[in-house]
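Open your viewer and get ready to select residues one by one. We will take a short tour with a few stops.

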Amino acid sequence: TFQMNDKDINQNLLKRATKRLLLKSVTKFYAALKRIFPTSIVGKILFQDTWLSGVQWDEILPPNIAKQWNKWISELSSLNDISIPRRIGLSPSSDYSLHIFCDSSERAFGAVLYIRIQEGKTTKVQLLCSRNRLSPLKRITLPRLELMACLIGARLLNYICYNTSLDRNAATLWTDSTVALSWIRGEPNRWKTFVCNRTTEILHYTTPSQWRHCPGSQNPADHISRGISPTELSSLDIWWDDPDWLSQHPDNWPTESDSLKEIPQCKDEARKTKVQPLCTATFQPVINASYFSSYTRLLRVTAWILRFLNNCKSKHRLFQELTSDEIEKAKDYWILVVQRQCFSVEIKALEKSMPLPAKSKIARFNPFLQENHLRLGDRFQFAQVTSEEKHPLLLDGSHHFVQLLIRHTHVRLNHLGVRIVLSELRSNYWILRGREAIKRVIHGCLPCRLSKAPRGTQIEAPLPADRVTPCIPFSTTGIDFSGPLYVRNSKSLDTAYIALFTCSTTRALHIELVSDLTTDKFLMALQRFVGRRGLPHTIYTDNATTFHAANRELISLWNSLASTKVQQFYAINGIKWKFIVPRATWWGGWWERLIGLTKQCLRKSLGRALLDEEGLQTALIGIEAALNSRPLVYEQENDSDEILTPAHFLTGKKLTLVPIRNKRSRISQGITGFSRTY
């Protein structure tokens, strides 16, 4: 036999009553004790109440829930006297039948299974197992909950028969819900999706003839859906034994009355038959608009046709070129055609002063007829705008004429976007799904598609030899200017420029501040660079006028040197000046990128601050040190070696590192690590 041991649960009375403790106590019921579910469901309902109250996991329970919780825990000791037999006592010669009772309440639903064993004249009924579920937090009607209880009963029967040798055909399922019983006995496809899916699964495990009705007062599953206190469970005979009539002859079992065969509530879940109205439009235009791709051509052809019809009816015939009035009449004609073809039902209803259909797509616009045209009703009757803006014409965006009108407006506005085209059309027309229709027209516009088409990409050429050949830093240098920058003086503001020198191989940079872009200032900046970084053998620049002049000045400087020894030195170490190809700025991308980084650092570090010349030079030198300490390769997460930077080629270490005391010099460490890694 199984017995209940409440030792661990009773200890919870000494602890703070929280939501976490409540869940821990409820889940301690052993699975084999599913026969005491009428008591355990009380704890589950209390746990659901904590969710409805918004109680947190470690928060003290509200007084009303805590009171019920303490009462339920203190009464669990009465379950110790209950012994649950493990053996069913079914022999091969025994005649048995299974009985499943299903019931539901607003808080829970479930099913309980009994086995009825008959040996000779002796009939024995024994509780086998039960199963229950809490009702969803989303409110569901009671008949639907009763149907879910029937589904739990069918699944319980399938589970028992699958794991034992019991025959499911020897089962009878009982419910006190006449509505759920009618759903099960009916055709599943008659009902709505919720009822149809559950009745289909029920009929997969059982047959309609196995389902019977029993009074609610004689249904033992009523206790598993509402819950009872532990003190009442031990003396609840209808739960442990069975209903009194179940051990009697089947003739004494409950029978159904004729009033239960047709239940009016069943019709609430019946599928509604869809009625598809058939509307035919008899209004035919004089010409098919789908044959035209031009809005202007369609209006002109229509105007010629209308003139021909007018000449046939009138003695005064017209032969000159079309006038603006005739074009306007042709446009009004096509607006009338669109409205008659797309809103024929609404126009007929308005002509008869009848309300529009409930499913009309323009009913929410409060339309009205004015001179046989359908216009938008609005709340701007007293606005100081034109009547066309107050009550624009209603059009359907799916009609071909409306699409031609949108394309004509789009081209007239020089192929502008959706918002401007829609704003232009809204002054006279209200197009249903107008934004979608305009997007569809613009998507098919050939000039717009050509302007937005992706450009072809050119395969990049190999890097020049000066970019990939190992050499001393700044042996091959690129030079560019940036600015102007404003420098604060005592009485006025002056301008200054940045002369940026960058190495093509090590990607190191050197920044000089010059007061203007004259040749003399640039030559002095170049001399300062050579004095600190060494003499380069090749210099790359763009085709600016400053650099052309500087090149001529440098040649003159070399020619003016009188010393033969100095001339020999410059002949061996002379500077070779190279200009990039005209109108090919991407050739100088390796210094333009550093110009962008320098500007970004200045913008973020200085903002709107105005510095003097010394402060600006200090800021530029700090930016130079930071950019020379940037990594040249991708830094791996697990890489313990020091990452390579341009500063390693200049000083053997990062320029931004903080020195560490009482350890080997960072310079020696950097040089050793650099030589070991690279």
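Before the first stop, one definition will help: a residue is called buried when its relative accessible area is under 20%, exposed when it is over 50%, and partly exposed in between. Keep in mind, too, that this is a predicted model.

**Stop one: positive charge.** Select R419, R426, R435 and K439. Together they form a patch of positive charge on the surface. Two elements, α16 (418-426) and α17 (434-443), each give two or more residues to this positive patch. Now keep R435 alone; you will find R435 in helix α17. Is R435 buried or exposed? Neither word fits: its relative accessible area is 42%, so R435 counts as partly exposed.

**Stop two: negative charge.** Next, select D494, D612, E613 and E614. Here the surface carries a patch of negative charge, where these residues gather. Pick out E613, which sits in helix α24, residues 613-628. E613 has a relative accessibility of 47%, and therefore E613 is also described as partly exposed.

**Stop three: a buried residue.** Move on to helix α23, residues 589-606, and select T598 within that helix. T598 has just 2% relative accessibility, so T598 counts as buried. Which residues is T598 in contact with, leaving aside its neighbours within four places in sequence? Add I498, L500, L509, I511, I623 and L627 to your selection: these are the contacts of T598 once those neighbours are set aside.

To finish, show R435 and T598 together: R435 is partly exposed, whereas T598 is buried.

Notes
Residues numbered from 1 in each chain as written. Predicted model: local features only at pLDDT ≥ 70, side-chain atom pairs only at ≥ 80, totals over all residues. Heavy atoms only, no water. Patch = residues over 30% accessible without salt bridge, like charges linked within 9 Å, V, L, I, M, F, W, Y side chains within 5 Å. Areas by Shrake-Rupley, 256 points an atom, 1.4 Å probe, with all protein chains shown as cover. Salt bridge = Lys/Arg side-chain N within 4 Å of Asp/Glu carboxyl O. Lys, Arg positive; Asp, Glu negative; His and termini not counted. Charge placed at Lys NZ, Arg CZ, Asp CG, Glu CD. Helix = DSSP H or I, 4+ residues; strand = E, 2+ residues; numbered from the N terminus. Buried < 20%, exposed > 50% of the residue type's maximum accessible area, 1.4 Å probe, protein only. Contact = heavy atoms within 4.5 Å.
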